[in-house]
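Visitor: Please take a close look at one part of this model for me. I would like to follow a single helix and see what surrounds it.

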Amino acid sequence: MDYEAVIFDLDGTLVNTISDIANSMNRVLIKMGLPAHEIAEYYYFVGAGLKELCRRVLPKDLQSETKVLEYRELFNEDYNQNWHNETYPYPGIIELLEYLQQKNKTIAILSNKPDHFCKLFVQHFFPNINFALVRGNLDSLPPKPHPAGGMYITESLNLDPKDVLFVGDSDIDMQTAANCGFIAMGAEWGFRSQEELLKAGAKHIFSSPSHLLKFLQEI
């Protein structure tokens, strides 16, 4: 396998964000008089973007577009103050990124997390990594698995999709890879199962960042 670039998902792939996301959303729900959810439930609430997260945590009678946007704003206010309380890069991620950088591979991020949070995360957790492009979710850009974000990255960086590895932890990421013509690499260390990744089209599955690093060193 030859490759020129690696595009990473963010949440559940580069950084473990589940506790801070769950805690912020639960604080909002409790403040508004609604029941909170177990952290384990958030593994399946997240992944499709913040609007969809808000829709999934709300009772069915509160899932209108107006309410979803209201709770998105409330979440952003809380998360803006608490996004790095318990969030951390997965063990081995820094070494993986440093290896790719040393090999002069293009590194980018494509996430359904709001774009401004993605950039905050990169500045905070990866100050020494030269990401060629960081693209989070914008209202003007359809979220993954729509190919628009992936195509934006490949066109901006003059990459051939067939030379791109896409690393992510969910079915949405594997579908994104297929929709963009990338090679789908499943991050089993993240929020979802190996079964989900394989069913969604993962070409390779990795149990840890160090497992992926070893694979790349040997190809």
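Guide: What follows starts at helix H4 and moves outward to its partner helix, the cavities, the largest pocket and two backbone features.

This is a predicted model. Helix H4 covers residues 65-82, and helix H6 covers residues 115-125. Two packed helices are described by the angle between their axes and the distance between the axes. The axes of H4 and H6 come within 12 Å. They cross at roughly 5 degrees. Angles under 35 degrees count as roughly parallel, so H4 and H6 are roughly parallel to each other.

Which residues make the contact of H4 with H6? From H4 come Asn-76, Tyr-79 and Asn-80. From H6 come Phe-117, Leu-120 and Phe-121. By class, this contact has four nonpolar and two polar residues. No charged residue takes part.

Tyr-79 also has a ring partner within H4. The structure holds 12 aromatic pairs, and Phe-75 with Tyr-79 is one of them. The ring centres of Phe-75 and Tyr-79 lie 5.0 Å apart, with the planes at 25 degrees. Planes under 30 degrees apart count as stacked, so this pair is stacked. Phe-75 and Tyr-79 are four residues apart in helix H4, so about one helical turn separates them. Tyr-79 thus appears both in the stacked pair and in the contact with H6.

Next, the enclosed space. How many cavities of 30 Å³ or more are there? The count comes to two. The largest cavity has a volume of about 300 Å³. Its lining is made of 24 residues. Asp-11, Val-46, Gly-47, Asn-112 and Lys-113 lie nearest the centre of this cavity. H4 is among the elements that give two or more residues to the lining; the others are helix H3 (50-57), strand E4 (106-114) and helix H8 (171-180). E4 gives the most, with four residues. By class, the lining of the largest cavity has 12 nonpolar, five polar and seven charged residues.

The second largest cavity has a volume of about 40 Å³. Leu-110, Ser-111, Asn-112, Gly-136 and Asn-137 are among its lining residues, as are Leu-141, Pro-142, Pro-143, Lys-144 and Gly-149. Two elements give two or more residues to this lining: E4 and strand E5 (133-137). E4 supplies the largest share here, three residues. By class, the lining of the second largest cavity has four nonpolar, five polar and one charged residues. Asn-112 thus lines the second largest cavity and lies among the residues nearest the centre of the largest one.

Now the open space. The largest pocket has a volume of about 320 Å³. It is lined by 17 residues. Lys-51, Arg-72, Asn-137, Leu-138 and Asp-139 lie nearest the centre of this pocket. H4 and H6 return here: together with H3, each supplies at least two residues of the lining. H3 provides the largest share, four residues. The lining of the largest pocket divides into six nonpolar, four polar and seven charged residues. Asn-137 serves twice, in the lining of this pocket and in that of the second largest cavity.

Two backbone features complete the tour. Most residues other than glycine have a negative phi, and most peptide bonds are trans. A cis peptide bond joins Lys-144 and Pro-145, with omega about 15 degrees. Pro-145 lies in the loop between E5 and helix H7 (148-157). Lys-144 also lines the second largest cavity. Asn-104 has a positive phi, near 60 degrees. Asn-104 sits in the loop between helix H5 (93-102) and E4.

Methods:
Residues are numbered from 1 along each chain as its sequence is written. This is a predicted model: local features need pLDDT of at least 70, side-chain atom pairs count only at pLDDT 80 or more; totals for chains, interfaces and linings use all residues. Side-chain values use heavy atoms; hydrogens and water are left out. Axes are lines fitted to C-alpha atoms, for helices over the stretch in contact, and angles run from 0 to 180 degrees between N-to-C directions. Angles under 35 degrees count as roughly parallel, over 145 as roughly antiparallel, 65 to 115 as roughly perpendicular and the rest as oblique. Contact means heavy atoms within 4.5 Å. Ala, Val, Leu, Ile, Met, Phe, Trp, Tyr, Cys and Pro count as nonpolar, Asp, Glu, Lys and Arg as charged, and the others, Gly among them, as polar. On a 1 Å grid over the protein atoms alone, a cavity is a set of points where a 1.4 Å probe fits but cannot get out, and a pocket is an open set with protein on both sides within 12 Å along at least five of seven lines; lining residues have an atom within 4 Å of a point. Grid points are joined across faces, edges and corners, and a volume is the space filled by probe spheres set on the points. Rings of Phe, Tyr and Trp (its six-membered ring) pair if their centres lie within 6.5 Å; planes under 30 degrees apart count as stacked, over 60 as edge-to-face and the rest as tilted.
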